[in-house]
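Colleague: Could you zoom in on one helix for me and walk me through what sits around it? I'd like the packing in some detail.

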Amino acid sequence: MSAEARLSERERELRRLQAIALVLLLAALVVLLFSAWMGGQGVWAWTLAFSEAAVVGALADWFAVVALFRHPMGLPFPHTAIIPANKARIGDQLALFVRDHFLEPNILLQKLALFDPAARFGQWLAEPAQVQSWVDAVRGWSLQSLDWLDDARLQLALNELLTDALQRWNSAQTAAQVLRALTKDGRHHAVLDAGLLKLAQVLDQDEVKAQVSARLAQYARAEWPKMIGVISVFKSVDSMADELSTKLAQAMILDVVAVLQDAEHPLRKRYEAKVMDYIARLGEEQGIQAAFNDVKMQLLQRPELTEYSRALVQEVKAWLRADLGREDSALARHLAQAMAALGDKLRDDASLRAAINEHVLAAADKLVVDVRDGVTEHIAKTVKNWDEAQLVKSLELSVGRDLQYIRFNGTLVGGVIGLGLHALLTYGVPLLHGV
């Protein structure tokens with residue numbers, strides 16, 4: 001049933017009960033007049049007493065009920081139209097009630113702790129149907145988000161936003177921060193060691209030695225042809241070059257080993273100083289930062305980069321749309337599996353549940369403190385800004401049905417009290433006189 005239909009049903013029910021209350025009042029009034037016309041003696045005295053008290057009770061309760069919402073008969077009786085007249089005070093009191101009973105940090109945290117959010121969440125994840133329903137909803141939201149990204153205006157806005165952010169991005173400082181992280185705890189020395197080891201392995205290869213030997217022989221023949229001619233009589237230049245390249249490789253390997261084995265080696269010290277100096281200059285020197293910025297701007301202005309980015313985004317979106325559009329979506333399946341695994345973990349790991357509950361309670365405590373006063377003020381302002389007629393109508397539809405039963409009771413109970421008073425006057429007073 002829609003909200004309009006429910007509202008209409010409540011209005012009809014209220015009107016029906018108001019009509020019944022009015023009929024009871026009119027019936028009591030008719031009985032009163034008829035009893036008086038019949039002389040008010042005998043049995044008619046009893047009906048007169050009943051109807052008279054019933055009319056008084058019905059009118060009094062009608063006045064009281066109407067006075068809550070408006071002036072009875074449009075006349076400004078004192079202390080009537082109570083709700084419209086006190087709308088501001090009602091708003092303040094309602095806001096304070098919500099603040100003190102729903103947003104009181106200690107009370108809320110106690111209830112939240114008893115609720116045990118982690119265990120409840122684990123129980124929810126243990127229901128495959130619920131998890132699948134949520135995953136399907138996420139899949140639908142994701143597809144809708146992809147459709148939003150097809151909007152040319154959104155694409156233009158996102159492109160401008162990203163371009164502006166990249167233009168303001170200090171790439172040199174970011175590079176310096178990355179390098180500081182990479183060099184923390186001497187990690188850059190591990191890079192140096194790996195490079196030196198690789199160099200030693202290359203120098204020890206026969207192919208490299210042969211290439212060095214050939215270059216040495218070629219250079220010697222080109223630079224000292226006469227000397228080489230004389231020496232060749234006694235020993236081959238190629239064999240001499242082979243021996244020299246081998247010794248050169250061995251010497252360099254020994255130097256590499258020395259550096260690897262000595263944490264205080266001068267080469268390491270120079271390497272350390274160079275790296276740290278470059279990182280410092282990268283984060284502070286304007287010239288280097290300007291050079292980084294120039295490279296960045298050139299890349300941003302390259303049409304190939306723009307086209308590549310656009311094509312990459314389109315490919316990713318097409319893949320996501322194709323996968324999410326299938327009932328057997330791989331992404332959805334992995335998400336469901338991850339949630340199921342989390343549910344199993346929460347079920348079996350009490351320490352994980354305790355940790356999650358601690359974080360939830362801490363977050364809730366901070367959230368309540370942050371929003372408590374704001375919510376209180378919002379409720380008070382909202383109630384004060386309500387249209388009086390709409391406020392009266394809403395409250396009357398909410399509690400008016402029960403208030404009509406007060407009118408029913410006023411009519412009937414008043415009549416019964418009238419009978420009791422008449423009986424007291426008829427039988428009680430003579431008895432007292434007789435005593």
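Modeller: Sure, let's take helix α6, residues 117-125, where Pro117, Ala118, Ala119, Gly122 and Leu125 are buried. Bear in mind that this is a predicted model. The cover over those buried residues of α6 includes α5 (105-115), α7 (128-148), α17 (330-348) and α18 (350-385).

Two of those covering helices, α7 and α17, also pack against each other, with their axes 10 Å apart and an angle of about 140 degrees between them. Angles over 145 degrees would count as roughly antiparallel, so α7 is oblique to α17 at that value. As for handedness, the crossing of α7 past α17 is right-handed.

Down at the residue level, α7 brings Val131, Trp134, Val135, Val138 and Arg139 to this contact, and from α17 they meet Ala332, Leu335, Ala336 and Met339. Sorted by type, the contact of α7 with α17 has 8 nonpolar residues, no polar ones and 1 charged. Arg139 of α7 is the charged one, because Arg counts as charged. The spacing of the numbers fits a general rule: an α-helix has 3.6 residues a turn, so residues three or four places apart point the same way.

If you want a buried spot in a loop to set beside this, try Thr80, in the loop between α2 (43-69) and α3 (82-85). Thr80 has a relative accessible area of 6%, so it is buried. Its side chain makes a polar contact with the side chain of His71 at 2.7 Å. Beyond its neighbours within four places in sequence, Thr80 is in contact with Phe63, Ala67, Arg70, His71, Pro72 and Leu75.

Definitions and conventions
Residues are numbered from 1 along each chain as its sequence is written. This is a predicted model: local features need pLDDT of at least 70, side-chain atom pairs count only at pLDDT 80 or more; totals for chains, interfaces and linings use all residues. Side-chain values use heavy atoms; hydrogens and water are left out. Helices (H or I, at least four residues) and strands (E, at least two) are DSSP runs, numbered from the N terminus. Buried means under 20% relative accessible area, exposed over 50%, partly exposed in between (1.4 Å probe, protein chains only). A polar contact is a pair of N or O atoms within 3.5 Å; within protein, one must be able to donate a hydrogen and the other to accept it, and residues adjacent in sequence count only if both atoms are side-chain atoms. Contact means heavy atoms within 4.5 Å. Axes are lines fitted to C-alpha atoms, for helices over the stretch in contact, and angles run from 0 to 180 degrees between N-to-C directions. Angles under 35 degrees count as roughly parallel, over 145 as roughly antiparallel, 65 to 115 as roughly perpendicular and the rest as oblique. A crossing is left-handed if the near helix is turned anticlockwise from the far one by less than a right angle, and right-handed if clockwise.
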